[in-house]
Structure formats: C-alpha cells, structure tokens
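Hi everyone, and thanks for coming along. Today I'd like to walk you through one structure, a piece at a time, so please have a look at it before I start.

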Amino acid sequence: MKIARSILFNLGMLIITPIFSVLAILLFPLPAVTHSRIVSSWAYLAMFWLKVTCGLSFRVIGKENIPQQACIVLAKHQSAWETIAFQTIFPPQIWVMKRSLLLIPFLGWAFAALKAIAIDRGAGREALKQMVDQGKDRLARGLWVVIFPEGTRIAPGKKGKYHIGGAWLATHTQATVVPVAHNAGEFWRKNSFIKTPGVITVSIGKPINTSGLKPDELNHMVENWIEGEMPLLRSR
C-alpha cells in the first residue's frame, strides 16, 4: 500500500508542479512577497495531497517563536519534505541553493523567478559575498531566507558539518535567526520514493538576536540547539 500511495502522490506532484512553475514565471513582475504568497499555494496543495495519499502530516511546536519581521531560518535538513512544508509554516520566503538547481526544467525556472539565492559553492569567499549581497536584497523586500547549514540531506540520527554560510549572512545583515529542528527524514528519507504514514514534528526555537555575535559563535549556538532538540522531538 505504501508503494501505491507514493505513486499516487508523485503523479499528483507531476501534474501540479509544472502548472505552478509556469505561474511563478508569469507572475515575476509582482512584488516579491505577493509573488511568493501566491505561488506557495503549491506547497499547501502538496501538503494536503501528501496527507490524503500517504497519510503523512505534521505538527509544529513553538509557532509563537516566529517573529513578525523577515528573518533567517537555519534548519535541519533530512528530506525534500521541509523544502515544501516550510512554505506553509513560515511567511513568504526564498532559499539559498546551488546555482545548478536553477537549470532544472520548470522547478528551477520557478526558483529563479522567485528570486532564490543561487550561489557557486566552489567560489569560496566570493560565494559568501554573493550570499550577503543577495540576502540583504531579499530581506529588504520582506522575504524570509531559509538556509540548511548542513548543506545536504542528512540521515536520521546523523549529523553533518554545519557550514558557516548561514551564520555569516545573519551576522553581516544583522538579521534575526530562527533555528528549526524536525524529524522528516524518519518518514520521507533522502532519495526515497516511499513515504511512510505518520506525523512529522517540527520544533521552532526562540529567535536569536545576532547583534554582536561572530559567525562561528552563532553557528555553534544554532548547531547546539538543533542537535540538542533532535532527540526530544518524539517525546515533545
């Protein structure tokens, strides 16, 4: 049954994703926040379809910790799930991603139209400069910036290296950071076709004022909170 349900979910995504990708491109001239809010309807529809077909839903702990102003989300990365679900949890947002992802038909074009921050990871300090320049612009437009410090999806129970980029952007823009832990990888694993029924738990930490913090200091604070929260998700 899990295989059949997963097939049905993916068929639905194959239908709606090109439609909303084209919509994202056509609505490019709109203000960034309005543009993102309209196109994020795709994520709401995807989460609804995931629950209907695969019996996979989620709950959020700490919603009261979401500030009113545009912030930077530094989150655990385990699955493709969070790249969709965060659009239904947080205000209008964009993501920091590899530049090569913009070449993906439809989805990549939509990322570009939504003003995602696309960087060349091999460019070293130049990539950090690109991130800061584009990050300042997106935050000024009222968009939240979502970054996965580990850079790639990590299996449940494992921990990747927390790269400095997200903390660097936050300290250089003086933007508030919101740390996020979740256990999506237990239900939707990396590169897995199968989605397991259940309830994903998302925990949102208290906002961190980055004023006066150095990037490595902030990075350690975020890492310690997320990794300390991960074992508690099942019991909370």
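**A walk through the pocket, the cavity and the salt bridges**

Let's begin with the largest pocket. It is lined by 49 residues, and those nearest its centre are His77, Thr83, Met97, Leu101 and Phe111. Before I go on, please keep in mind that what you see is a predicted model.

How much space lies in the largest pocket? About 1600 Å³. Several parts of the chain supply its lining. Helix H1, helix H4 (81-89), strand S3 (93-98), helix H5 (107-113), helix H6 (125-140) and helix H7 (165-173) each bring at least two residues. Which of them gives the most? That is H1, with 8 residues. If you sort the lining of this pocket by class, you get 29 nonpolar, 15 polar and 5 charged residues.

Now for the cavity. Searching the whole structure for cavities of 30 Å³ or more turns up 1, and the space in this largest cavity is about 40 Å³. Its lining is made of Ser36, Val39, Ser40, Gln87, Gln93, Trp95 and Leu114. Helix H2 (32-39) and S3 are the elements that give two or more residues to that lining. By class, the cavity lining has 3 nonpolar and 4 polar residues, and no charged ones. And if you're wondering how anyone finds such spaces, rolling a probe the size of a water molecule over the atoms shows where empty space is left.

Let's move on to the salt bridges. How many does the structure hold? There are 6. One of them brings together the side chains of Lys76 and Glu227, at 2.8 Å from N to O. This pair links distant parts of the chain, since Lys76 sits in the loop between strand S2 (72-75) and H4 while Glu227 is in helix H8 (residues 215-229), 151 residues apart. Is Lys76 buried or exposed? Its relative accessibility is 1%, so Lys76 counts as buried.

Compare that with a pair in helix H6. Asp133 and Lys129 both lie there, 4 residues apart, which is about one turn of the helix. Their side chains meet in a salt bridge of 3.0 Å, N to O. Asp133 counts as partly exposed because its relative accessibility is 42%, and Lys129, with a relative accessible area of 47%, is partly exposed too.

Here is another salt bridge: Asp137 pairs with Arg141, and their closest N and O atoms are 2.8 Å apart. Asp137 is partly exposed, at 29% relative accessible area, and Arg141 counts as partly exposed at 40%. Elsewhere, Lys76, Glu150 and Glu227 are joined into one network by salt bridges that share partners.

Last stop, the surface. Which residues form a nonpolar patch there? They are Ile3, Ile7, Leu8, Leu11, Leu14 and Phe193, with about 580 Å² of accessible area together. Take Leu8 from that group: you'll find Leu8 in helix H1 (residues 2-26), and its relative accessible area of 43% makes it partly exposed.

One more residue to find on your screens is Phe48, in helix H3 (residues 41-54). Phe48 has a relative accessible area of 53%, so it is exposed. Its C-alpha atom is separated by 28 Å from that of Leu103, and the two residues are 55 apart along the chain.

That's my tour, and I'm happy to go back to any part of it. Thanks for listening!

How values were computed
Residues numbered from 1 in each chain as written. Predicted model: local features only at pLDDT ≥ 70, side-chain atom pairs only at ≥ 80, totals over all residues. Heavy atoms only, no water. Patch = residues over 30% accessible without salt bridge, like charges linked within 9 Å, V, L, I, M, F, W, Y side chains within 5 Å. Areas by Shrake-Rupley, 256 points an atom, 1.4 Å probe, with all protein chains shown as cover. Salt bridge = Lys/Arg side-chain N within 4 Å of Asp/Glu carboxyl O. Buried < 20%, exposed > 50% of the residue type's maximum accessible area, 1.4 Å probe, protein only. 1 Å grid on protein atoms, 1.4 Å probe; cavity = no way out; pocket = protein on both sides within 12 Å on 5 of 7 lines; lining within 4 Å. Points joined across faces, edges and corners; volume = space filled by probe spheres on them. Nonpolar A, V, L, I, M, F, W, Y, C, P; charged D, E, K, R; others polar.
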